[in-house]
4 protein chains.
Amino acid sequence: MAGNSFGQIFKVTTFGESHGVAIGCVIDGVPPLLELSLEDIQKDLDRRKPGQSEVTTARKEGDVVEILSGVFEGKTTGTPIALLIRNADQRSADYSEIKDIFRPGHADFTYTQKYGIRDYRGGGRSSGRETAARVAAGAVAKKILLAQNIQVTAYTLAIGGIYAETIDKSVIEKNIVRAPDLEKAEDMIKLITAAKEAGDSVGGIIEAVVDNCPAGLGDPVFDKLEASLSHALLSIGAVKGIEFGIGFMAATMKGSESNDEIVLDQGTPRTKNNFSGGITGGISTGEPIVFRLAVKPTSSISKKQMAANAEGTLSQIEIKGRHDPCLTPRIVPVVEAMTALVLADALLIQKTLK
Amino acid sequence: MAGNSFGQIFKVTTFGESHGVAIGCVIDGVPPLLELSLEDIQKDLDRRKPGQSEVTTARKEGDVVEILSGVFEGKTTGTPIALLIRNADQRSADYSEIKDIFRPGHADFTYTQKYGIRDYRGGGRSSGRETAARVAAGAVAKKILLAQNIQVTAYTLAIGGIYAETIDKSVIEKNIVRAPDLEKAEDMIKLITAAKEAGDSVGGIIEAVVDNCPAGLGDPVFDKLEASLSHALLSIGAVKGIEFGIGFMAATMKGSESNDEIVLDQGTPRTKNNFSGGITGGISTGEPIVFRLAVKPTSSISKKQMAANAEGTLSQIEIKGRHDPCLTPRIVPVVEAMTALVLADALLIQKTLK
Amino acid sequence: MAGNSFGQIFKVTTFGESHGVAIGCVIDGVPPLLELSLEDIQKDLDRRKPGQSEVTTARKEGDVVEILSGVFEGKTTGTPIALLIRNADQRSADYSEIKDIFRPGHADFTYTQKYGIRDYRGGGRSSGRETAARVAAGAVAKKILLAQNIQVTAYTLAIGGIYAETIDKSVIEKNIVRAPDLEKAEDMIKLITAAKEAGDSVGGIIEAVVDNCPAGLGDPVFDKLEASLSHALLSIGAVKGIEFGIGFMAATMKGSESNDEIVLDQGTPRTKNNFSGGITGGISTGEPIVFRLAVKPTSSISKKQMAANAEGTLSQIEIKGRHDPCLTPRIVPVVEAMTALVLADALLIQKTLK
Amino acid sequence: MAGNSFGQIFKVTTFGESHGVAIGCVIDGVPPLLELSLEDIQKDLDRRKPGQSEVTTARKEGDVVEILSGVFEGKTTGTPIALLIRNADQRSADYSEIKDIFRPGHADFTYTQKYGIRDYRGGGRSSGRETAARVAAGAVAKKILLAQNIQVTAYTLAIGGIYAETIDKSVIEKNIVRAPDLEKAEDMIKLITAAKEAGDSVGGIIEAVVDNCPAGLGDPVFDKLEASLSHALLSIGAVKGIEFGIGFMAATMKGSESNDEIVLDQGTPRTKNNFSGGITGGISTGEPIVFRLAVKPTSSISKKQMAANAEGTLSQIEIKGRHDPCLTPRIVPVVEAMTALVLADALLIQKTLK
């Protein structure tokens, strides 16, 4: 209800503020007897953690995860898995200056309107830091998916207008922007570095592909797979749009073009182009699920901006601290995590039909 | 769980198949003492019903709604409101031909994969007909919103690449494509008519604006207002993408551009351009909420297409019957309904914080 | 949220008032390919309907059910099953007299306090009439249980202090009080008849037994099987208490007595006495599930009673109309229905663990 | 779904095993600006903790709680409150002996049936230890109730057949069995001590009273206040029955007796005897809410008992370790906590109607 839980059977509840004691999550509904180690989780957390490269914030946070419950002798027991990540960096000092200021693009104003109280330490609950708990939970979801060979891969399709031109999944983790095209990655890095030097930030596009997803996942009407995925992905702070398959291009197409031609693939009918992005009528078709997300530039920039306070006074601020000049590379693992949460849940829900 | 309910406090459950006995919904959580009449509901149903103009299907369906419960002496009582719409058109004959065929772009294949059984009469539950129940429920949600002067308006922003160039809300219901620009509406109508004559269909873009939405609605983390709205809107069959405010344009902007300048409006700080689409940190800012949806062309076209059956045999089909050459105009009231469901729910949830 | 839905996967939403247009329910989450006919449902409705014998109200209501959706060619399709029962008796005349009176034992006062509005026609939503929708939904749940040979049987264990002394399930439907002891049934009938003649009513105890329930159903901590069953059963208006297995007797036992002795039954360890009522640690043991319910006497009696109105004036009332002198026999099928809803849901939930 | 969450708006999710790293909970939906300190929570935990007196287990566990999130500068912020209690006693040694044994009265067998894996360390998740997390969450719920002067009080009404004869709430915390009658408390203590010396255990009855509960709480049909409370209370491991107001006595009463006489109390109509236990039609009447619970004797006794293992071999076991000879006194704060959870949730839900 209050927005901190996600999923129906595979259900995650997260907690914690940016500069509080700790963040973490409780995952309920994980089937028993699944092998699960700390490393399974830490691996993805390391892909999201700050300070990992020159295109991310210089702030260092180890993001060391602890499993508090739900795993016994290396296996899940069917009871809730609680994961805890202590915050290394709890200094509130950096933030005293912005205590009474509503920063542009941040949730300072809206949280104050909603709750009548604001934890001003680094954004508190509204900080992107909460996504570490999502990534931890997503790592558990991925274990369920991998047991059925379902693979979720996200990557940076574009940064500030520079698009990857080839999609080579094997290079994604070999460049710091997580692009599937090493050559274009170089250009993207240059663009981010220039923005960083100018005290500015840039946006991008993330594409995600789910391979080997069986047909039949998702529910009709309100919980179509596009609906659940959109809910999951648009809950990531910086994401401002989503499109599946041909997406917005569909608006300019004719039905005779957008209806995908059926071809026979070793006797099995398949679509020629997967225009629908692997989902028809809200239910997976068995083709790869494909969608793209618009990621806005980081709101925290050191360039001077006009901000306001509760009294309605405007003033110029320069946001100090160490911020990501581009969020896209660090959001890639968050996108994978949220996608995995939706699909693990859909897989478990599907079992109730048999 | 099975996808036929939506909302947390203001909760709608819909039922019914395209060519079954009836469709309808049960709305739970409606506050008592709200004035509600049949006309309040019928009015929006008439905007969605088939056969209303030359750019929609020629199929006629009265869509007459009956209130079965929850209203006493013209007022809601706080108990569930059940709404029923009998299907006038239950002939199954038209569909016997496609009984064993998986139509391109339709849910025939995925439903069979999911359930192992398919109600082949006009798409059954996967038919867009179920949206009539959403519109009925949305009409009740709108009553809650209007009591606080919150107005939800959707309109056709573009059809097949032809964009409205002015946004005049007063003309939306005065043209059959529901565009906010009478002149461009003419061009859109021509485009649809041409597609219809060619046995084809066209896609479009719908924009929705929520005026007078108070600040503070939406929940952080997983139930951000963009997340809930995306869930709601991407659950409409033909919608393939959504973007809020600057949306996908954000991907090519700098932070110094996309961070909206703060200006003083009679002493109150506001954003100059509402780039965020009225939502920051997942919570409404008090500015108009703005988003756009990609609507794909109708999948049912009379042009010949390749289709497959369960045995993996390909064959050419021509889909008979009377179909919408463009879904966009009839989806406009569905978009309003789904938006109203989300906001009415958010308004009620917000009360639990006080 | 507003209390009109029950269940997690097998989920029922009911609607309708005693003297409104209709009552009914929508059942979501029913697996596809289950054979389901009108007769399956009508059969149980007939066991609950008014006017069935001399110990029930003389009011006649056919309670004819209609299946609106979710069943195609005699089989469930996995989509929501909507069931409708039109109210034959919509006369409001009988109730004008009590319009401003809060009847003792009824929800008139509390509904007014809760909602600020009261549908005074026969209790509206607070009438026991809503249980017909539960029985209809329960009949569908029973089909799922019977497919696995799980049998739910409820019966009248006692009426006004007269207890059944033998438990012969084969005679339950052969006497109008639904007792498992034909001889004692005669005494019970006499007691009820005497109360009826005196314008009074009597209470009773219902016992329910679930045979062939597999071990492993129910969830730990908050959704223990006793918890879910208690929720289900205590939601029946006239039920004021529940106990499982040895129940309240446990309060006077020693651990060495209440811990059930383990015996070998053809090599399989079983409990000798099933003191726990078939549930340990909140999870079914495989032994019969056994519980008992306290049913209060009908609140509507024709004897004179003191009642109050909103102005705080006391007055003597005689409740007219045709009321059940004892609710117990008609609640028996409601108890079965609610038990079946819990177990069908638990069965489906259990599938998500595998 | 998997049973580790409770509540709709005020929602608690608990985690942790008896001998794992830690137990704890996440509470979502707590309104902002509520004053909350560690002491508020620790106080109730101390009433539940082991080793507090001679009638409880001798095992010592500090149960020191840590607030991880959701509280800023002494006030709740509206974001999730995570509470953590590290387990002091993680030794698994004591339990190796029972690793393969299904102890009578315990969940060993049913957990193995359900999950195919069992955390045998002290019962794991099935241990009563999880109730510490409930008590912590309940302490937060009580703060919400106390802000409206709603008081929840539970006490030991009876131990092994010895009943309190006076109800003096001021003495409850002044005797180690938490009885409201100091004289009878002495007898109860003697009975428990005798059982303890005999290596046995005893059961009891807990009564709970909610004072100053406003009229109008609870929801009709499935979420009647009795239903929600029963769900909450029967989810406590050792509880085997519940009754409200006159409870099982209703089964032997006439309607003219059980219908409570209406009297005028300073011009306001009230019931003379509160037979209904403060709830009519599932909704609070404004009178004190009253219910009683049957608590079974501790299953862990040191007397010899027959137990079985997975291979179906019977053997005599003596359960070692330090166990409570009577659970009732330590369950009293758990009963208060669960009651507080239900009422805090009902209070918040009621706000959505206005």
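Colleague: What percentage of the interface residues of chain A are also interface residues in chain D?

Modeller: This is a predicted model, in which local features need pLDDT of at least 70, side-chain atom pairs count only at pLDDT 80 or more, and totals for chains, interfaces and linings use all residues. Residues are numbered from 1 along each chain as its sequence is written, chains are lettered from A and ligands numbered from 1 in the order in which they are written, and side-chain values use heavy atoms, leaving out hydrogens and water. Contact here means heavy atoms within 4.5 Å. Chains A and D meet through the same surface, because the share of interface residues of chain A that are also interface residues in chain D is 100%.

Colleague: By what turn can chain A be laid on chain D?

Modeller: Copies are superposed by least squares on the C-alpha atoms of residues with pLDDT of at least 70 in both. Chain A fits onto chain D with an RMSD of 0.0 Å and a shift of 0.0 Å along the axis, after a turn of 180°.

Colleague: What kind of axis relates chains A and B?

Modeller: Two copies of a chain are related by a rotation about an axis and a shift along it. Laying chain B on chain A takes a turn of 180° and a shift of 0.0 Å along the axis, with an RMSD of 0.0 Å. The two copies are therefore related as by a two-fold rotation axis.

Colleague: Which residue of chain B comes closest to that rotation axis?

Modeller: The distance is taken at the C-alpha, and it is 2.4 Å. The residue of chain B at this distance is B:His231.

Colleague: In the open sheet of 10 strands, which strands stand at the edges?

Modeller: Helices (H or I, at least four residues) and strands (E, at least two) are DSSP runs, numbered from the N terminus, and two strands pair if DSSP finds at least two bridges between them. The order is 10(A)-9(A)-11(A)-17(A)-12(A)-12(B)-17(B)-11(B)-9(B)-10(B), with antiparallel pairing. An edge strand has a single partner strand, so one side of it is left without a neighbour in the sheet. Those at the edges are strand 10 (162-163) of chain A and strand 10 of chain B.

Colleague: Within this sheet, which residue of strand 11 of chain A is the bridge partner of A:Thr156?

Modeller: Strand 9 (residues 151-159) and strand 11 (residues 204-211) of chain A pair antiparallel over 8 bridges. In strand 11 of chain A, the partner of A:Thr156 is A:Ile206.

Colleague: How many of the 6 residues of strand 7 of chain A are buried?

Modeller: Buried means under 20% relative accessible area, exposed over 50% and partly exposed in between, with a 1.4 Å probe and protein chains only. Strand 7 (residues 81-86) of chain A pairs antiparallel with strand 3 (residues 22-28) of chain A over 6 bridges, and 3 bridges join strand 4 (residues 65-67) of chain A to strand 7, also antiparallel. Strand 7 of chain A is largely enclosed by the rest of the structure, because the number of its residues that are buried is 5.

Colleague: Within what arc do the buried residues of helix 4 of chain B fall?

Modeller: The buried residues of helix 4 (residues 182-197) of chain B are B:Ala185, B:Met188, B:Ile189, B:Ile192 and B:Ala195. The arc is that of the directions from the helix axis to the C-beta atoms. These residues line one face of the helix, because seen down its axis they fall within an arc of 125°.

Colleague: Which strands do these buried residues pack against, and which exposed residues lie on the face turned away?

Modeller: The buried residues of helix 4 of chain B pack against strand 9 (151-159) and strand 10 (162-163) of chain B. The face turned away from the buried side carries the exposed residues B:Glu183, B:Lys190 and B:Glu197.

Colleague: Which residue with positive phi follows helix 2 of chain D?

Modeller: Helix 2 (residues 108-115) of chain D has the buried residues D:Asp108, D:Thr110, D:Tyr111, D:Lys114 and D:Tyr115. They cover an arc of only 165° around the axis, which puts them on the same side of helix 2 of chain D. After this helix, the residue with positive phi, near 75°, is D:Gly116.

Colleague: With which side chain does the side chain of C:Ser5 make a polar contact?

Modeller: A polar contact is a pair of N or O atoms within 3.5 Å; within protein, one must be able to donate a hydrogen and the other to accept it, and residues adjacent in sequence count only if both atoms are side-chain atoms. C:Ser5 is in strand 1 (residues 5-6) of chain C. At 2.8 Å, its side chain makes a polar contact with that of C:Thr13.
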